[in-house]
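Please examine the chain shown below. The paragraphs that follow lead through its sheet, its helices and its nonpolar cores.

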Amino acid sequence: MQTSQKLFLPAMGCGTWAWGNQLLWGYNQSMDSALQAVFNLCVSNGVTLFDTGDSYGTGKLNGRSELLLGQFSQAYQGTGQKNICIATKLAAYPWRLTRQSMISACQASAQRLRKNVDLVQMHWSTANYAPWQEGRLLDGLADLYEQGLVKGVGLSNYGPKRLQEVHQKFAARRIPITTLQVQYSLLSTYPVTELGLKDVCDQLGIKLIAYSPLALGLLTGKYSEQGPFPQGIRGLLFRLLLPGAKLLLACLKEIAESRHKTISQVALNWCICKDTIPIPGAKSVTQAQENIGALGWRLEPSEVSALDQAAANTNRKMVQNIFQTK
């Protein structure tokens with residue numbers, strides 16, 4: 001593939017599949033129709049980057065997220081159809097040991113998506129636990145680009161040191177890294193403020209994608225210390241984080257009210273003002289409409305600064321992904 005060709009990336013992505021496994025548990029035809037409506041609304045409003053992964057959906061639901069996304073994109077007929085950009089992440093499973101295994105995985109994703117993958121991403125680095133495995137998987141990722149099977153290549157959960165090493169490896173083959181996806185929100189500034197990832201990405205011409213930009217829903221303003229809380233581990237995490245997030249949530253609420261926006265829209269717009277592409281999840285048209293409300297305007301520098309300060313003074317942060325490298 002000619003490196004002069006560029007992958008189209010919109011100003012903001014809406015990762016309908018950000019919580020793919022949760023969306024797929026107990027799925028039925030009614031749920032599929034609801035998700036199709038979410039997809040249609042996003043695309044018609046200019047939100048055309050959809051992020052998924054070949055690990056979203058396991059067991060009998062293996063690859064279900066990609067299958068649905070393929071169905072939705074094929075069925076959609078309307079404004080923005082030509083701009084739809086589908087990104088998928090290939091898992092570094094322990095049984096994927098060769099460069100050919102990555103090529104085969106991407107071909108399987110393309111079959112489920114009913115089209116070639118636009119942006120293929122390494123879901124996580126194995127550097128923290130099996131560094132010997134990663135080289136061949138990265139070679140396979142690069143092969144996909146060279147063979148014209150994808151328009152762009154990206155990484156996920158890589159820190160600046162490892163990113164620079166992979167960039168050098170790919171540059172030797174004249175393969176650009178288009179994106180880097182990390183957990184980033186007002187409650188997870190670590191990749192930028194402590195690792196300095198944004199500066200490195202800017203130097204290398206890589207676009208930063210922010211996953212979990214609403215901190216699993218904690219930055220929507222729908223939860224308080226008094227509860228009720230989500231079930232499971234997420235609920236335990238909220239109980240831990242909410243007491244220390246009071247000032248941040250108060251700052252978000254104040255700006256939201258002055259802007260006639262919602263708290264989540266302000267939190268998403270903060271990510272946009274940081275020159276990242278947030279990929280919030282949406283299970284319903286109502287949630288998608290709220291996400292879309294984060295577009296078309298920008299926070300004032302003073303508002304961004306106030307949120308930065310509130311985030312810095314939050315005594316507990318979101319737990320970092322165990323695969324995040326330095």
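In what order do the strands of the open sheet lie? The model, which is predicted, contains an open sheet of 7 strands in the order 1-2-3-4-5-6-7, and their pairing is parallel. At the edges of this sheet lie strand 1 (49-53) and strand 7 (277-279), each of which pairs on one side only. On average, neighbouring strands are turned by 25° against each other, direction ignored.

One pairing within the sheet may be followed in detail. Strand 4, formed by residues 152-156, joins strand 5, formed by residues 177-183, in the parallel sense over 4 bridges. Here Leu155 stands opposite Leu180, the latter belonging to strand 5. Leaving aside residues up to four places away in sequence, Leu180 touches a set of residues that includes Leu155, Tyr158, Leu163, Leu197, Cys201, Ile206 and Ile209. The polar residues Ser156 and Asn157 are also among those that Leu180 touches.

Both leucines lead on to the nonpolar interior. In soluble globular proteins, nonpolar side chains tend to be buried together. The largest nonpolar core of this model has 86 residues, and those with the most contacts inside it are Leu155, Leu180, Leu219, Leu252 and Leu307. Helix 11 (residues 263-273) supplies the largest share of this core, namely 7 residues. A second core, separate from the largest one, has 8 residues, among them Ala87, Leu119, Tyr211 and Ile279.

The helices may be considered next. Helix 3, which spans residues 64-75, lies across strand 1 and strand 2 (85-90) and runs at about 155° to strand 1. How do the axes of helix 11 and helix 13 cross? The axis of helix 11 comes within 11 Å of that of helix 13 (residues 301-312), and the two cross at roughly 105°. Helix 11 is therefore roughly perpendicular to helix 13. Where the two helices meet, Val266, Trp270 and Cys273 come from helix 11, while Val304, Leu307 and Asp308 come from helix 13. Leu307 has already appeared among the residues with the most contacts inside the largest core.

It remains to consider the confidence of the prediction. The mean pLDDT of the chain is 88, and 89% of its residues reach 70 or more. Over residues 1-8, however, the pLDDT is below 50, and this stretch has 19 contacts in the model beyond near neighbours in sequence. For residues 10-27 the pLDDT likewise stays under 50, and the model has 73 contacts for them beyond four places in sequence.

Notes
Residues are numbered from 1 along each chain as its sequence is written. This is a predicted model: local features need pLDDT of at least 70, side-chain atom pairs count only at pLDDT 80 or more; totals for chains, interfaces and linings use all residues. Side-chain values use heavy atoms; hydrogens and water are left out. pLDDT is the predictor's confidence in each residue, from 0 to 100. Contact means heavy atoms within 4.5 Å. A nonpolar core is a set of buried Ala, Val, Leu, Ile, Met, Phe, Trp, Tyr and Cys residues joined through side-chain atoms within 4.5 Å. Buried means under 20% relative accessible area, exposed over 50%, partly exposed in between (1.4 Å probe, protein chains only). Two strands pair if DSSP finds at least two bridges between them. Axes are lines fitted to C-alpha atoms, for helices over the stretch in contact, and angles run from 0 to 180 degrees between N-to-C directions. Angles under 35 degrees count as roughly parallel, over 145 as roughly antiparallel, 65 to 115 as roughly perpendicular and the rest as oblique.
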